[in-house]
Amino acid sequence: MSQDFHPKRAQLENLGFRFVHFSEIDSTNSEALRRARKGERQGLVIYADFQSQGRGRRGRSWKAKPYSSLLVSVLLEPKISREEQGLLPIITGLAGAEAIFNLTDFKPGIIWPNDLWGKKGKLGGVLVEGIFQGEVFKAVLGLGINLNQNREDFPEEFRERASSIRIETGKNLSRDELLFEFIARLFFWKTQLEQGKIESIVEQYADYDIIKDKEVRIFFQGNTIKARAKGIDEKGRLKIEREGKEELISAGEIIMLRSEEDAFGD
Ligand code: BTN
């Protein structure tokens, strides 16, 4: 038996997933995009022990100490409409949250669109990037999850707001177990999406949505607005209620809840 043998990995390989590991890379998303541009097809999984130029949303960087985190990017070619592409970041965050919950007794929350939160801070995030090659739409779904960090392992500017599985549960979670579970859940949701089972995505997302019915502040089109979050619609947009009216937000960022603690309250 190869040293690398893992039953879940073997099952995923049978479905067409190909795992490529780096001890160090600039960014797993960048590597997956480079390979996609050179003709690599769906199923490629790039994961790394360390990223020297990890990227977050909105041009921010994503820093993680070597061996502390799950850092992974998956290349998929989902057969979906342009309108449904907004659900890709949603299913990636959902798959990450479910994978954590399935392997620990801890259920993380999701803050729209796809930030993963514990009770003590942000646990992880998602960066989705897409390209067209001729007719083929290729999406790189990147996920970073903090696994084994203690508070002092985070850069000082994030220390107050960052958390890890170890901080939340007192236990270490195996990076590879989490990787395989994440890919399995992602494959499940990608298939649901291709089959048009949007309602089941919206419903399952609601189960992890910790801002639903909460007052939130949203950075949107250069302004900060205050509104009540009402879950997501069938395109992954955030439904909000403001001054008695329902609105939809497709690109925005929740910048603050009344307090982080509240997100987990009733
Ligand atoms: C965010 O919350 O801003 C998103 C963070 C996404 C980080 C992951 S780590 C693996 C993948 N490679 C990257 O460079 N970024 C994503």
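How much surface does the protein chain expose, and what share of it do carbon and sulfur atoms supply? In this predicted model, the exposed area is about 12,900 Å², of which carbon and sulfur atoms supply 46%.

Begin with the whole protein chain in cartoon view. Its 6 helices and 12 strands come into sight. The radius of gyration is 18 Å, close to the 18 Å that the globule rule gives for 266 residues, so the chain is as compact as a globular protein of that length. Turned along its principal axes, the C-alpha trace spans about 60 × 45 × 30 Å. Colouring by accessibility would show that buried residues make up 51% of the 266 residues.

Next, select the charged side chains: 42 are positive and 42 negative, and the centres of the two sets lie 2 Å apart.

Then turn to the aromatic rings, where a search of the whole structure finds 6 pairs. Select Phe17 and Phe187, whose ring centres are 5.9 Å apart with planes at 85°, so the pair is edge-to-face. Phe17 sits in the loop between α1 (7-14) and β1 (18-22) and Phe187 in helix α5 (residues 175-194), so their pairing ties together parts 170 residues apart in sequence. Phe17 is buried, at 5% relative accessible area, whereas Phe187 is partly exposed, at 27%.

Move on to Phe19 and Tyr47, another edge-to-face pair, with 6.4 Å centre to centre and 85° between the planes. Phe19 belongs to strand β1 and Tyr47 to strand β2 (residues 44-48), so this pair ties together parts 28 residues apart in sequence. Phe19 counts as buried at 12% relative accessibility, as does Tyr47 at 6%.

Finally, add Phe180 to the selection: ring pairs link Phe19, Tyr47 and Phe180 into a cluster.

Terms used:
Residues numbered from 1 in each chain as written. Predicted model: local features only at pLDDT ≥ 70, side-chain atom pairs only at ≥ 80, totals over all residues. Heavy atoms only, no water. Helix = DSSP H or I, 4+ residues; strand = E, 2+ residues; numbered from the N terminus. Rg over C-alpha atoms; globule rule 2.2 N^0.38 Å. Buried < 20%, exposed > 50% of the residue type's maximum accessible area, 1.4 Å probe, protein only. Areas by Shrake-Rupley, 256 points an atom, 1.4 Å probe, with all protein chains shown as cover. Lys, Arg positive; Asp, Glu negative; His and termini not counted. Charge placed at Lys NZ, Arg CZ, Asp CG, Glu CD. Phe/Tyr/Trp six-rings, centres within 6.5 Å; stacked < 30°, edge-to-face > 60°.
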